[in-house]
Amino acid sequence: MRRCLTLLGVLSLLLLAGAARAQAGRPHIVLIVGASGEPQYADAFHKAALAIADAARTRFAVPDSDVVWLAEDTTRAPKRIAARSTRENVERALGTLATRVAPGDQVWIVLIGHGSSEGDSPRFNLPGPDLTAADFARLLAPFAKQSVAFVDATSASADFAKALAGPNRAIVTATKVAGERNATRFARYFADALATGAADLDKDGGISLLEAFTYAQRETARSYEAENHLQTEHAVLEDDGDGVASDKPAADAADGRLAASLVLGGVPTSSDPRVAGMVARRRALELQVADLRRRRAAMDSTAYWQQMETVLVDLARTAHAVRGMEGKP
């Protein structure tokens, strides 16, 4: 029992420190702005997408080649929007990305616009035929060796969490239930979280998905309170693979561990191939820890702790080696 408690303490420290370390995998960002319906929404959606695209370029130093922006109206930023956000173009963009990413990379997919839900078929509204949650599940299948941050900032998006849940996937939805069908504000504040330093709680210069979610969730609620309006959207996050999202995720809770490790920016990845290789190994071990925790209920207790101890010791040694190679205490 004493060993188990010690391992739990080590595990908590390692996971809580995840967002403060160098990003482990190269980030790829896909921004998809759907059908707006009205000029006011078209303006708001474009502003949020532009803020995220600018943050990726200037704040997080993500190369333009690793940012794919699809939108309803390509004339709003013709040099930066890759194509119109039709179903065909979204499928093509994600299919192409699947051929380019490396194991351990991060894939951030952000949906901005309107959503709808008909029975058990939640969908993202696009110019032309929509994409359903089942469609996105199919499109995400090739990213099994990457960590995926999927942010559906649209209305009626709640059921995407259950439909897309899986290993190494963090799913954010702007609504807690499918019945929250009013236009959402979450995208605006999620963009603010990435564009400003306000969401950087650990002050490491990077923004984790968990930090961005927490900031956007809080600021969305504040905006309704400031206007004395009934809040019609409640964001949630799912990242332990069980399909049940939480409105209170945390780095030491069932939901929130993976999201805390998905970081944009922060200390840049070293150009030294030896360091980069060790960083990739550290990330792979962190994912093994998360996977073991997801499977704990189905495992024999002794086998679980034996495997966890092996991985944690390896993780601690690898993390120590990385810091030594980076010249850090």
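Is the crossing of H2 and H6 left-handed or right-handed? The crossing of H2 and H6 is left-handed, where left-handed means that the near helix is turned anticlockwise from the far one by less than a right angle, and right-handed that it is turned clockwise. The structure is a predicted model, in which local features need pLDDT of at least 70 and side-chain atom pairs count only at pLDDT 80 or more, while totals for chains, interfaces and linings use all residues. Residues are numbered from 1 along each chain as its sequence is written, and side-chain values use heavy atoms, with hydrogens and water left out.

The secondary structure comprises ten helices and twelve strands; helices (H or I, at least four residues) and strands (E, at least two) are DSSP runs, numbered from the N terminus. Of the 329 residues in the protein, 52% are buried, where buried means under 20% relative accessible area, exposed over 50% and partly exposed in between, with a 1.4 Å probe and protein chains only. Among contacts with a separation of 6 or more, 67% are between residues 24 or more positions apart; a contact means heavy atoms within 4.5 Å.

The main thread here is a sheet and the helix H6 that lies across part of it. The sheet is open, has seven strands in the order E3-E2-E1-E4-E8-E9-E11, and its pairing is mixed. Its edge strands, each paired on one side only, are E3 (83-84) and E11 (236-238). Two strands count as paired if DSSP finds at least two bridges between them.

Strand E4 (residues 106-112) has E1 and E8 beside it in the strand order. E1 (residues 27-33) and E4 pair in the parallel sense over seven bridges, with Val30 standing opposite Ile109 in E4. E4 also runs parallel to E8 (residues 147-152), to which six bridges join it. In that pairing Gln106 stands opposite Ser147 and Val110 opposite Val151. Seven of the seven residues of E4 are buried, so the strand is largely enclosed by the rest of the structure. Gln106, Trp108, Val110 and Ile112 point one way from E4, Val107, Ile109 and Leu111 point the other way, and all are buried.

From E8 the sheet continues to E9. Five bridges join E8 to E9, and the two strands run parallel; Ala149 stands opposite Ala170 in E9. E9 is mostly covered, with five of its five residues buried. Arg169, Ile171 and Thr173 are on one side of E9 and Ala170 and Val172 on the other, and both faces are covered. The pairing of E9 with the edge strand E11 is antiparallel and has three bridges, and the bridge partner of Ile171 in E11 is Glu238.

H6 lies across E4, E8 and E9 (169-173), running at about 145° to E4. Axes are lines fitted to C-alpha atoms, for helices over the stretch in contact, and angles run from 0 to 180 degrees between N-to-C directions. H6 (residues 186-195) also packs with H2 (residues 39-59), at an angle of about 15° and with the axes 9 Å apart. H2 and H6 are therefore roughly parallel to each other; angles under 35 degrees count as roughly parallel, over 145 as roughly antiparallel, 65 to 115 as roughly perpendicular and the rest as oblique. On the H2 side the residues are Ala48, Ala51, Ile52, Ala55 and Arg59, which meet Ala187, Arg188, Phe190, Ala191, Leu194 and Ala195 in H6. By class, this contact of H2 with H6 has nine nonpolar, no polar and two charged residues. Ala, Val, Leu, Ile, Met, Phe, Trp, Tyr, Cys and Pro count as nonpolar, Asp, Glu, Lys and Arg as charged, and the others, Gly among them, as polar.

A second helix, H7 (residues 209-226), packs with H6 at an angle of about 130°, with the axes 8 Å apart. That makes H6 oblique to H7. H6 passes H7 in a right-handed crossing. In this contact Phe186, Tyr189, Phe190, Asp192, Ala193 and Leu194 of H6 meet H7 residues that include Leu209, Phe213, Tyr215, Gln217 and Glu219. By class, the contact of H6 with H7 has ten nonpolar, three polar and two charged residues.

Another open sheet has three strands in the order E5-E6-E7, with antiparallel pairing. E5 (115-118) and E7 (131-132) are its edge strands, each pairing on one side only. Two bridges join E6 (residues 121-124) to E7, and Leu131 in E7 is the bridge partner of Phe124.
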